[in-house]
There are 2 protein chains.
Amino acid sequence: MALTETLEDYLQAIFHEENEKGMARVKDVAKKLAVRASSVVEAVNRLKEAGYVLYEKGDFIRLTEPGQEVAQRTFERNLVVYRFLDQVLGVEPEHARKLTCGIEHHMDRQFFDALSALCFFFERNSDVQEKFRRFADSYEKGMICDMYATLDQFGKGDTLKVIKVSGDAFLRQRLIAMGLTPGQEIVIERVAPLGDPVDVVLRGYHLSLRKEEAKCIKVEKI
Amino acid sequence: MALTETLEDYLQAIFHEENEKGMARVKDVAKKLAVRASSVVEAVNRLKEAGYVLYEKGDFIRLTEPGQEVAQRTFERNLVVYRFLDQVLGVEPEHARKLTCGIEHHMDRQFFDALSALCFFFERNSDVQEKFRRFADSYEKGMICDMYATLDQFGKGDTLKVIKVSGDAFLRQRLIAMGLTPGQEIVIERVAPLGDPVDVVLRGYHLSLRKEEAKCIKVEKI
DNA sequence: AAATATTTTTAGGTTAACCTAATATTATTA
DNA sequence: TAATAATATTAGGTTAACCTAAAAATATTT
């Protein structure tokens, strides 16, 4: 019985209510999730069906063992994402909190572990943390202005992946029509002196690009 | 006109079809998203309403300028999450691809930029990358066995946040009833010799915990 | 205890996102 | 070109997740 994201949210809200106030009531869960009480009743009945809560009308909502487990796990995921945003990426707390919700539903054990490890790594290696902070700062200020390299910066034999095609609409259209589309892998076959033209292979086809055109193609080396 | 996550997915699929095959057809979009053609028609009509695609029945689906932009942005977010999972966290490609989808809808500019910066940072600093890889390995093998510290490991004046309460159900119940609930902040007021008992303050209340109990409370220093 | 207020529940409605099955359209091939 | 196959569209149904508004149950005052 896999829960929907929404039901997982309800479970978590109930978990927090239980923790904060000792018990969870329809009204408070409703307020916490910003929905109407009737929606909570509906959700709780579904959770009851699935065996995650105990509930008799009029009574408090209480989590069963499996319910506790799911809620706890979801909460931990939430926490780790928050920690990552806050401590590693340096997103402001409030903003981090907003971003966090939603992501915790898309994590599995491996992701969770890896993210935890990363948080710890940064925590234990303040030099790395410092270094990254400086790096990110200059990145933000546009000093590492273009995050992706362009095709003209590579040489014979390099295998690249197209990220984006820039330039005016007409040129872009033309390049895309040639198969230079985001995600496409290309191999540089030959670069003429002074970088013009550049011959590449993609999907088995050969293509010759002017340097000006090559400059419009953002790529990533693979 | 904010799009739903689902419609953003349709937009992205259309984008990729256009890029890969030069044009997007209902059938192919359906296959790509693993839905029925009728669902695609419905979604496309909604996208048309919202001004993101041009579509006359029987014809191909084509993105408008705003449609292109949204699709491109979503794709870039997807890519950066993928890059992060793959290059930084070391999740295997296939698995990373699965995890990626879903997350790209929960990102904003700041998150995107920070994550990009992190990927670059790791790329440019292979020593850091190496170091983390080793760290994560030992972490995975349980050598950094417990990711969270426990309450008994801290001293007077430390401010902590409760992460989890472990122990048998009975003890857990009791500790939680005392207010030691996940997320709760506590301050250590006094630690008796040999660490037993530990006095803490939470929500303005004083609490005295046996060392055995303190060991059950996973915390994080804040 | 009666009156009032609060909370919970039910009943019935809406929307997005799917579906199946039938029909219409467009392509392909005999 | 007629028959067949492939695609696309429509019509109508389902489910989750919301809602409003009214009714029922509990609590709280006077």
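Two strands count as paired if DSSP finds at least two bridges between them. The structure used in these exercises is a predicted model.

**Exercise 1. Pairing in the sheet of chain B**

Task: State how strand E5 and strand E6 of chain B pair, and place the two strands in their sheet.

Solution:
1. Strand E5 of chain B covers residues 185-191, and strand E6 of chain B covers residues 198-202.
2. Four bridges link E5 and E6 of chain B. The cut-off is at least two bridges, so the two strands count as a pair.
3. The sense of this pairing is antiparallel. One residue pair to look for is B:Val187, whose bridge partner in E6(B) is B:Val201.
4. The sheet in chain B is open and has six strands, in the order E3-E8-E4-E5-E6-E7, with antiparallel pairing.
5. Its edges are strand E3 (149-150) and strand E7 (205-209) of chain B, each of which pairs on one side only.

**Exercise 2. The overall form of chain A**

Task: Decide whether chain A is a compact globule or more spread out than one.

Solution:
1. Chain A contains nine helices and eight strands.
2. For its 222 residues the globule rule gives 17 Å, whereas the radius of gyration of chain A is 26 Å, well over that value; chain A is therefore more spread out than a compact globule.
3. Along the principal axes, the C-alpha atoms of chain A fill a box of roughly 80 × 40 × 30 Å.
4. Of the 222 residues in chain A, 36% are buried.
5. Among contacts in chain A with a separation of 6 or more, 53% join residues 24 or more positions apart.

**Exercise 3. How the two protein chains are related**

Task: Find which symmetry relates chain A to chain B, and describe the side of chain A that touches chain B.

Solution:
1. A turn of 180° with a shift of 0.0 Å along the axis lays chain A on chain B with an RMSD of 0.1 Å.
2. This is the relation of a two-fold axis.
3. In chain A, the C-alpha nearest the axis belongs to A:Ile103, at 3.0 Å.
4. At the interface, 40 residues of chain A are in contact with 39 residues of chain B.
5. Several elements give two or more residues to this side of chain A, including helix H1 (5-21), helix H4 (65-89) and strand E4 (159-165) of chain A. H6(A) gives the most, with ten residues.
6. By class, this side of chain A has 24 nonpolar, eleven polar and five charged residues.
7. Because 98% of the interface residues of chain A are also interface residues in chain B, the copies meet through the same surface.

**Exercise 4. The surfaces near the DNA strands**

Task: List the closest residues around DNA strand C and DNA strand D, and identify the elements that supply each surface.

Solution:
1. DNA strand C is surrounded by 18 residues, the closest being A:Lys27, A:Ser38, A:Lys57, B:Thr4 and B:Thr6.
2. Helix H2 (26-33) and helix H3 (37-49) of chain A, and helix H1 (5-21) and helix H3 (37-49) of chain B, each supply at least two residues near DNA strand C. H3(B) gives the most, with four residues.
3. The surface near DNA strand C has five nonpolar, seven polar and six charged residues.
4. Around DNA strand D there are 17 residues, of which A:Thr4, A:Thr6, B:Lys27, B:Ser38 and B:Lys57 come nearest.
5. Two or more residues near DNA strand D come from each of H1 and H3 of chain A, and helix H2 (26-33) and H3 of chain B.
6. The surface near DNA strand D has five nonpolar, seven polar and five charged residues.

Terms used. Residues numbered from 1 in each chain as written. Chains lettered and ligands numbered in written order. Predicted model: local features only at pLDDT ≥ 70, side-chain atom pairs only at ≥ 80, totals over all residues. Near = placed C-beta within 6 Å. Nonpolar A, V, L, I, M, F, W, Y, C, P; charged D, E, K, R; others polar. Rg over C-alpha atoms; globule rule 2.2 N^0.38 Å. Buried ≥ 20, exposed ≤ 12 C-beta atoms within 10 Å, placed from the backbone. Contact = placed C-beta atoms within 7 Å. Least-squares fit on C-alpha atoms with pLDDT ≥ 70 in both.
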